[in-house]
Amino acid sequence: MAEKITRQDIDILELLQRDATLSTNAIAERINISQSPCWRRINRLEESGVIRRRVALLDRHALGMEVVVFATINLTSTGRQNLLAFEQEIVGHPEVMECYTMTGIWDYMLKIVTRDIRHYENFVRNTLTASPAIRELHSHMAVTEIKNSTELPLDTQL
């Protein structure tokens with residue numbers, strides 16, 4: 001973003017992170033500015049890409065998706081083409097909620113969500129390990145969720 005993020009921008013972003021359904025008027029009232037400048041700020045934040053999109057956050061438990069696994073993966077080869085091929089393949093799997101390249105001994109870490117352990121096993125056996133790009137996969141089952149946030153730490157980082 002070319003322009004500096006202001007305190008009002010941070011206040012707007014914090015409100016939208018908590019509730020993206022808030023109207024521009026409601027946001028303006030909460031941060032004590034008029035509706036038009038608030039709308040312009042939100043529009044600028046959207047156009048600059050700071051606000052990528054507004055979404056509904058679903059409760060996976062309410063939908064019966066009980067298993068969260070962090071899978072660490074090493075590829076058979078880490079050449080540029082293999083990395084790109086793996087990354088293109090992995091984005092097509094909806095069970096994979098997040099995928100990161102890693103430093104250290106693992107090439108990638110995935111966050112995978114499934115209904116139950118059988119669905120995870122099926123996904124691993126029939127999808128992930130079916131890929132010739134994967135040499136090694138280790139599953140780390142999440143037992144208790146202590147914190148799960150979608151809110152970025154704006155106050156401590158900006």
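**Group meeting talk: salt bridges, strands and one aromatic pair**

Let me begin with Asp-9, which is buried because its relative accessible area is 0%, where buried means under 20% relative accessible area, exposed means over 50%, and partly exposed is in between, with a 1.4 Å probe and protein chains only. Before going on, I should say that this is a predicted model, in which local features need pLDDT of at least 70 and side-chain atom pairs count only at pLDDT 80 or more, while totals for chains, interfaces and linings use all residues. Residues are numbered from 1 along each chain as its sequence is written, and side-chain values use heavy atoms, with hydrogens and water left out.

Now, what partner does Asp-9 have in a salt bridge? The partner is Arg-44, and the closest N and O atoms of the two are 2.9 Å apart; by a salt bridge I mean a side-chain nitrogen of Lys or Arg within 4 Å of a carboxyl oxygen of Asp or Glu. Because Arg-44 lies in helix α3 and Asp-9 in helix α1, the pair ties together parts that are 35 residues apart in sequence. Arg-44 also counts as buried, at 19% relative accessibility. As general background, side chains of opposite charge can pair when their charged atoms come close.

By that rule the count comes to 12 salt bridges, and I will follow two more of them, both of which involve Arg-7. With Glu-14, Arg-7 forms a salt bridge whose closest N and O atoms are 3.7 Å apart, and with Asp-155 it forms another, at 2.9 Å from N to O. The pair of Asp-155 and Arg-7 links distant parts of the chain, since Asp-155 is in helix α6 (residues 154-157) and Arg-7 is in helix α1 (residues 7-18), 148 residues apart. Arg-7 counts as partly exposed at 43% relative accessibility, and Asp-155 is likewise partly exposed, at 46%, whereas Glu-14 is buried, with a relative accessible area of 13%.

Let me turn to the chain as a whole. Its secondary structure comes to 6 helices and 4 strands, which are DSSP runs numbered from the N terminus, helices being H or I with at least four residues and strands being E with at least two. From the N terminus on, the elements run α-α-α-β-α-β-β-α-β-α. Buried residues make up 30% of the 158 residues, and along its principal axes the C-alpha trace spans about 55 × 40 × 25 Å. The radius of gyration of the chain is 20 Å, while a compact globule of 158 residues would have one near 15 Å; this radius is taken over C-alpha atoms, and the globule rule is 2.2 Å times the number of residues to the power 0.38.

Among the strands, I would like you to look at β1. Since 8 of its 9 residues are buried, β1 is largely enclosed by the rest of the structure. Which strands does β1 pair with? It runs antiparallel to β3 (residues 108-114), with 7 bridges joining the two, and it also pairs with β4 (residues 134-141) in the antiparallel sense over 7 bridges; strands pair if DSSP finds at least two bridges between them. Thr-72 shows both sides of this arrangement, as it stands opposite Met-109 in β3 and has His-138 as its bridge partner in β4.

Strand β3 brings us to the aromatic rings, for a search of the whole structure finds 1 aromatic pair. The rings of Phe-86 and Tyr-108 have their centres 4.6 Å apart and their planes at 45°, so the pair is tilted; the rule is that rings of Phe, Tyr and Trp (its six-membered ring) pair if their centres lie within 6.5 Å, with planes under 30 degrees apart counted as stacked, over 60 as edge-to-face and the rest as tilted. Phe-86 is in helix α4 (residues 80-90) and Tyr-108 is in strand β3, 22 residues apart. Are these two residues buried or exposed? Phe-86 counts as buried at 1% relative accessibility, and Tyr-108 is buried, with a relative accessible area of 1%.

I will close with Leu-58, which lies in the loop between α3 (35-47) and β1 (67-75). This residue is exposed because its relative accessible area is 68%.
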